[in-house]
Amino acid sequence: MSTPQAVRAAIAALLSALTLLLGAGTASAATDHVVITGGAVVPAGQTAGDIVVLDGTVRVAGHATGDVVSVSGPVRLTGRVDGDLIAVSDRAFLGPTARVGGDLRYGDERPVLASGASVGGKISKEDWADATNGWGWVGVFGWWLAVSVSTLIVGALLVWLAPGALYGAERAVREHLGATIGCGVAIAIGVPLLAILALVTLVGIPFGVALLLAAIPVLLVAYVTTAWIVGHKVLRNRSTSPWAALLAGWGILRVLALIPVAGALVGLVATVVGLGALAVALWQARPPGAPAARPDTPAPGRPAPAA
C-alpha cells in the first residue's frame with residue numbers, strides 16, 4: 001500500500017470512529033449520514049447533520065447543519081453546509097447556489113467553484129501524507145511504547161486476578177492447537193465483519209460501535225495471553241512463577257514488534273492464537289450439563305403404588 005493510500009485509510013478509520021462516537025450520544029444522531037460505501041444524498045428541501053462517506057459520491061442539494069467529509073469520492077454541493085467541507089482524495093464541485101459556512105479543505109484535487117458559490121472560511125490544501133511522515137520514528141516509537149505499557153498492565157492484571165485462565169489457555173494450545181488456531185481465525189474475521197455489517201444500518205450503529213470498543217480490551221487480553229504462554233514455554237523448568245513467564249514472553253514479543261512488517265505479523269499471529277486459546281479454554285471450563293431426569297421406578301419385588 002502506498003503512503004497516500006495508507007494515510008487515506010487511517011483518516012477514514014479515524015473520521016468514522018470519531019463521528020460515530022460523538023454522534024451516538026447526541027439528539028441529532030438520527031439525521032447524521034455515516035456511510036462505509038455507496039455515497040450519500042441530501043435532496044433539496046431536506047436537512048441532515050454531519051455527513052461522513054468513506055467511499056462514494058456525496059450530493060448535497062439541501063442543508064447540512066454539520067460537517068461534510070468525503071474520504072474517497074467526489075462531492076457535489078448545490079445546497080448549504082454550515083460546517084467544514086473536507087474532500088480527502090477526490091474533487092469537490094460547488095454549484096452557483098452552494099454555501100459553505102466553515103472551511104473548504106482538500107487533499108489531492110483542487111475544488112471547482114462555480115460563479116456565485118461562497119465559502120465562509122478559508123480554502124486550503126492539506127498535505128496529510130507529509131504531516132504523517134513528519135513524525136518519523138518518534139511516532140513509531142511512541143506507538144510502540146504505548147502498546148508495550150498497556151499490554152504489560154493488562155498482563156499484570158491477568159496474572160493477579162485470573163491466573164487460571166492463563167494456565168487453561170496454555171493447556172488449550174498444547175493439547176488442541178488446531179482447534180485453537182481455527183477458533184482464533186474465526187473470531188478475528190467474524191467479529192469485525194459483524195461490526196461492519198451492523199455499522200451500515202442505522203439501527204445497528206450502536207451495536208457496531210459497542211462491538212468495536214469491546215474488541216480493544218479483548219485483543220489486548222488475547223495478545224498478553226500468548227505472551228504469557230511463550231514465556232511459560234521458554235522458561236519451562238527454570239521458573240514456575242507466572243510473573244516471570246509474563247515478563248519473559250512480553251519482552252520477547254515487544255522486541256519482535258520493533259522489526260518492520262515482521263513485527264506486525266508476529267503481533268497478529270499472537271493475537272489470533274490468544275483469542276483461540278481463550279475460547280477453547282472457556283469451552284473446556286464450562287460446567288457439565290445436569291443429568292437428564294428419569295421417572296422413578298419401583299424397587300424390585302415391591303408393587304407399584306396404587307393410583
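These legends accompany several close-up views of a predicted protein model. Local features need pLDDT of at least 70 and side-chain atom pairs count only at pLDDT 80 or more, while totals for chains, interfaces and linings use all residues. Residues are numbered from 1 along each chain as its sequence is written, and side-chain values use heavy atoms, with hydrogens and water left out.

**View 1. The whole protein, to get your bearings.** The protein has 8 helices and 16 strands; these are DSSP runs numbered from the N terminus, with helices being H or I of at least four residues and strands being E of at least two. Of the 307 residues, 36% are buried. Here buried means under 20% relative accessible area, exposed means over 50%, and partly exposed is in between, using a 1.4 Å probe and protein chains only. Among contacts between residues at least 6 apart in sequence, 30% join residues at least 24 apart, where contact means heavy atoms within 4.5 Å.

**View 2. Helix α4 and its buried residues.** Helix α4 covers residues 163–175. Its 13 residues reach 18 Å from first C-alpha to last, close to the 18 Å expected at 1.5 Å a residue; the expected span is 1.5 Å times one less than the number of residues. Buried in α4 are Leu-166, Gly-168, Ala-169, Glu-170, Ala-172 and Val-173.

**View 3. Three consecutive places in α4: Glu-170, Arg-171 and Ala-172****.** Glu-170 counts as buried because its relative accessible area is 14%. Not counting residues up to four places away in sequence, Glu-170 touches Trp-228, Ile-229 and His-232. Arg-171, at 37%, is partly exposed, and its C-alpha is separated by 9.4 Å from that of Val-280, 109 residues apart along the chain. Ala-172 is buried, at 0% relative accessibility. Leaving aside neighbours within four places, Ala-172 contacts Leu-177, Thr-180, Ala-277, Val-280 and Ala-281. The C-alpha atoms of Ala-172 and Trp-283 are separated by 10.0 Å, with their positions 111 residues apart along the chain.

**View 4. Helix α5.** This helix spans residues 177–199. Its 23 residues reach 33 Å from first C-alpha to last, close to the expected 33 Å. The buried residues of α5 are Thr-180, Gly-184, Ala-195, Ala-198 and Leu-199.

**View 5. Helix α6 and its kink.** The 31 residues of α6 (residues 205–235) should span 45 Å at 1.5 Å a residue, and the end C-alpha atoms are indeed 45 Å apart. A kink of about 25° lies at Ile-216, shortly before Pro-217; the bend is the angle between axes fitted to the seven residues ending at a residue and the seven starting there. Just after α6, Arg-236 takes a positive phi of about 50°.

**View 6. Where α6 meets α7.** The two axes come within 6 Å and cross at roughly 110°. Axes are lines fitted to C-alpha atoms, for helices over the stretch in contact, with angles from 0 to 180 degrees between N-to-C directions. The helices are therefore roughly perpendicular to each other, a label for angles of 65 to 115 degrees. Among the residues making the contact are Tyr-223 and Trp-228 of α6 and Trp-250 and Arg-254 of α7.

**View 7. Gly-251 in α7.** Gly-251 lies in helix α7, residues 242–256. With 23% relative accessibility, Gly-251 counts as partly exposed. Gly-251 and Leu-152 are 99 residues apart in sequence and 9.4 Å apart in space, C-alpha to C-alpha.

Definitions and conventions:
Angles under 35 degrees count as roughly parallel, over 145 as roughly antiparallel, 65 to 115 as roughly perpendicular and the rest as oblique.
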